[in-house]
Amino acid sequence: MSGPVFCGKCKAAIKGRTLNALGKSWHPEHFACQVCQKPITNTTFNEREGQPVCPPCYAQKYCEKCYHCKQPIIGKVIKAMNHSYHEDHFMCAGPCQKPMAMSAPFFQKEGKPYCKLDYDVLFGRSKK
């Protein structure tokens with residue numbers, strides 16, 4: 001027979017229901033977001049420094065913000081021109097307004113990105 005199981009938050013012995021997550025055991029009511037302190041009842045949560053964080057708090061506090069829309073970036077981050085963007089928000093500032101894949105070259109003018117075609121049309125050698 002094994003010894004008592006202790007809660008990852010309050011360190012007291014757990015009698016009754018036990019929640020197991022992040023390599024620890026918890027009283028179910030103590031498995032709470034380290035930011036807002038609300039109990040996490042979803043099966044989806046994030047981890048920060050070994051502690052649980054609910055998805056809304058994680059997005060607001062720990063995710064990078066998109067330079068274009070100012071919202072948290074969940075998933076792939078595009079880094080360009082010293083800013084972070086959602087993948088579909090890093091787009092040409094020219095007439096085409098198309099999202100630009102990071103593998104494609106882009107041109108910068110006055111802090112704005114342009115695809116090669118729009119850059120050539122707007123700022124090519126014939127433009128003065």
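Here is a chat about how some labels on this predicted model follow from the computed values.

Student: Let's start with salt bridges. How many does a search of the whole structure find?

Tutor: Three turn up. Side chains of opposite charge can pair when their charged atoms come close.

Student: What makes the K79 and E64 pair a salt bridge?

Tutor: The N to O distance between their side chains is 2.6 Å. The cut-off is within 4 Å, for a Lys or Arg nitrogen and an Asp or Glu carboxyl oxygen, so the pair qualifies. K79 sits in strand β5 and E64 in the loop between α1 (55-62) and β5, 15 residues apart, so this pair links distant parts of the chain.

Student: And why is K76 with E87 called a salt bridge?

Tutor: Their closest N and O atoms are 3.4 Å apart, and the limit is 4 Å, so the label holds. K76 is in the loop between α1 and β5, and E87 is in the loop between β6 and β7 (107-109), so the pair ties together parts eleven residues apart in sequence.

Student: Are those two residues buried or exposed?

Tutor: K76 has a relative accessible area of 54%, so it counts as exposed, the cut-off being over 50%. E87 is at 44%, which lies between the 20% and 50% limits, so it is partly exposed.

Student: Where does the K116 and D120 pair lie?

Tutor: Both are in helix α2, four residues apart, about one turn of the helix. Their closest N and O atoms are 2.8 Å apart, so they pass the 4 Å test for a salt bridge. K116 is partly exposed at 46%, and D120 is partly exposed at 38%.

Student: On to S84. How do you know whether S84 is buried or exposed?

Tutor: Its relative accessible area is 9%, and buried means under 20%, so S84 is buried. S84 is part of strand β6 (residues 83-86).

Student: What makes the S84 and E64 side chains a polar contact?

Tutor: The distance is 2.4 Å, and the cut-off is 3.5 Å, so it fits. Leaving out residues up to four places away in sequence, S84 also touches others, including C66, Y67, I73 and I78.

Student: What is odd about M81?

Tutor: M81 has a positive phi of about 55° although it is not a glycine. Most residues other than glycine have a negative phi. M81 lies in the loop between β5 (77-80) and β6. With 16% relative accessible area, M81 falls under the 20% limit, so it is buried.

Student: Which residues form the largest nonpolar core?

Tutor: There are eleven, among them M81, C66, I73, I78, Y85 and F90. A second, separate core has eight residues, including W26, C33, I40 and C54.

Student: And K11, is that buried or exposed?

Tutor: K11 is at 56%, over the 50% cut-off, so it is exposed. K11 too has a positive phi, about 70°, without being a glycine, and it lies in the segment before β1 (19-21).

Student: Last one: which residues make up the nonpolar surface patch?

Tutor: L117, V121 and L122, with about 280 Å² of accessible area together. Take L122, which is in helix α2 (residues 116-123). Its relative accessible area is 34%, and a patch residue needs over 30%, so L122 passes that test.

Methods
Residues are numbered from 1 along each chain as its sequence is written. This is a predicted model: local features need pLDDT of at least 70, side-chain atom pairs count only at pLDDT 80 or more; totals for chains, interfaces and linings use all residues. Side-chain values use heavy atoms; hydrogens and water are left out. Patches are made of residues with over 30% relative accessible area and no salt bridge: like charges are joined within 9 Å, nonpolar side chains (Val, Leu, Ile, Met, Phe, Trp, Tyr) within 5 Å. Accessible areas come from the Shrake-Rupley method with a 1.4 Å probe; for residues, only the protein chains shown count as cover. Helices (H or I, at least four residues) and strands (E, at least two) are DSSP runs, numbered from the N terminus. Buried means under 20% relative accessible area, exposed over 50%, partly exposed in between (1.4 Å probe, protein chains only). A nonpolar core is a set of buried Ala, Val, Leu, Ile, Met, Phe, Trp, Tyr and Cys residues joined through side-chain atoms within 4.5 Å. A polar contact is a pair of N or O atoms within 3.5 Å; within protein, one must be able to donate a hydrogen and the other to accept it, and residues adjacent in sequence count only if both atoms are side-chain atoms. Contact means heavy atoms within 4.5 Å.
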